[in-house]
Amino acid sequence: MRVLGLILCGSNQDNLKPLTRIRTSAAVPMFGKYRAIDFTLSNMVNSGISKVGVLTQYNPRSLMDHLAGGKEWNLDRKRGGIFILQPFMVGSGESIYYKGTADAIFQNISLLRKGDEDFVLIGSGDHIYNMSYMDLFKYHIRKGADITVISSKICREDSRICDYGQLAVDNDGRISEFVEKPTDCIYEDISMGVYFINKALLLELLYSSVPNNGYDMVRDIIIPNISKLRVYAYKHSGYWRNIKKSIKEYYDTNMDILKREVRKELFYSGRKIYTKLKDYAPPKININACVSNSFIADGCIVNGQVKNSIISRGVIIKAGASVENSIIMEDSVIEEGAILKNAILDKSVTLRNARRIEGIGEILTIEKDSVI
């Protein structure tokens, strides 16, 4: 089956600031050594997709540096490969930005038209999960679907359900109603923001919608055609998180890696998550250090105490320092006697001698290159 992968990374939401002040949410570091986009991109590669377009616009430098030519994902190839797609000016006076998800695809419609793929898989660069799309492909064909939406369930007690599109699904799996981010919790099935669609149909829908100011994939294309097309839900029962919803969601998702069952699903399922490699030595935990229930990445030197934390590559924690319930990104330094609790430190942050930083009531976030 010939499938074109598209990964949407153009969001400009403020929910993750200050982490997204200098990078797009798809490039936010995860689990000490990954970026958020690694998961969706690896899922596509592991499912046999060898041509992937990454649609980005805001603060793309970090993402472009991470992806480079796609070597780590085996996408540095003559046929297919990875394409970094940004908005561009067509005529004088036109704005250089994507007006919505459908407009982002429409502006790069030549990638669809020139390819020989039969189907398009559209995903998001800031979703954390590990799944093979092969069963999705088979389900789509078996149902004779025009569009298949990957769905998940969130219990009604979870307030996050109102942050997502909600689906009414019949016994055959067909979607009869799609409500985008309602204020009330109407249905338990939610859209994961992953869409599998016949390419010829997608081209037809884009040409009929975007020139008429229909810029959003869900609101302007899927929902208006829900009764006219065969739109099905493919249910995903495994781990899935959308980190761009809030700093707390980002923090909680990182902390989930300390749970055995989450680690097993994300990294020991037989489907590898690929990322950009760096030449760091193994972590060094010295004799006076005390580490419990934490992830310590390559290149770290730990002389202090670390508890319930994620420590990224190249971090130095000096003697007498204490880190608890925190996320520390690359090349940060925690000096002697410093105390860090309930916080996120971006890259290259220095916490000086005997300083105390603690998030009380909420997670404290420190910007990149700060010295405290």
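Is glutamate 367 buried, exposed or partly exposed, and what relative accessibility puts it there? Select glutamate 367 to begin: at 35% relative accessibility it counts as partly exposed, a class that lies between buried (under 20% relative accessible area) and exposed (over 50%), as computed with a 1.4 Å probe on protein chains only.

Before going further, keep in mind that this is a predicted model, in which local features need pLDDT of at least 70 and side-chain atom pairs count only at pLDDT 80 or more, while totals for chains, interfaces and linings use all residues. Residues are numbered from 1 along each chain as its sequence is written, and side-chain values use heavy atoms, with hydrogens and water left out.

**Stop one: salt bridges**

Keep glutamate 367 selected and add arginine 21, since these two form a salt bridge in which the closest N and O atoms are 3.4 Å apart. The term means that a side-chain nitrogen of Lys or Arg lies within 4 Å of a carboxyl oxygen of Asp or Glu, and by this rule the count comes to 14 salt bridges. Arginine 21 lies in the loop between β1 and β2 (29-30), and glutamate 367 in the segment after β28 (364-366), so the pair ties together parts that are 346 residues apart in sequence. Strand and helix names here refer to DSSP runs numbered from the N terminus, with helices being H or I of at least four residues and strands being E of at least two. Arginine 21 is itself partly exposed, with a relative accessible area of 42%.

Next, select arginine 2 and aspartate 118, whose side chains meet in a salt bridge at 3.3 Å, N to O. Arginine 2 sits in the segment before β1 (3-9) and aspartate 118 in the loop between α4 (109-114) and β6, so that this pair links distant parts of the chain, 116 residues apart. Arginine 2 is partly exposed at a relative accessible area of 44%, and aspartate 118 is partly exposed at 37%.

For a third pair, select arginine 356 and glutamate 358, whose side chains meet in a salt bridge at 2.9 Å, N to O. Glutamate 358 counts as partly exposed at 31% relative accessibility, and arginine 356 is partly exposed with a relative accessible area of 45%. Then select Arg241, Asp256 and Lys259, which are joined into one network by salt bridges that share partners.

**Stop two: strand β11 and its partners**

Select residues 189-198, which make up strand β11, a mostly covered strand in which nine of the 10 residues are buried. Strands of a sheet pair through backbone hydrogen bonds, either parallel or antiparallel, and two strands are said to pair here if DSSP finds at least two bridges between them.

Add strand β8 (residues 147-153), which pairs with β11 in the antiparallel sense over six bridges; within this pairing, isoleucine 147 has isoleucine 197 of β11 as its bridge partner. Then add strand β6 (residues 119-124), which runs antiparallel to β11 and is joined to it by four bridges, with phenylalanine 119 standing opposite asparagine 198. Finally add strand β9 (residues 166-169), which pairs with β11 over two bridges, again in the antiparallel sense, and find leucine 167 opposite aspartate 189.

**Stop three: helix α1**

Select residues 37-46 for helix α1, which is mostly covered, with nine of its 10 residues buried. Among the buried residues are Ile37, Phe39, Leu41, Met44 and Val45. Move on to glycine 48, which follows α1 and has a positive phi, near 90 degrees.

**Stop four: two parallel sheets**

Five strands form an open sheet with parallel pairing, in the order β15-β18-β21-β24-β27. Select β15 (290-292) and β27 (356-358) to see the edge strands, each of which pairs on one side only. Now select β18 (residues 305-307) and β21 (residues 322-324), which run parallel and are joined by three bridges, with valine 306 opposite valine 323.

Another open sheet of five strands, also parallel in its pairing, has the order β14-β17-β20-β23-β26. Its edges are β14 (284-285) and β26 (350-351), each with a single partner strand, so one side of each is left without a neighbour in the sheet. End the tour by selecting β23 (residues 333-334) together with β26, since two bridges join these parallel strands, and isoleucine 334 has leucine 351 as its bridge partner in β26.
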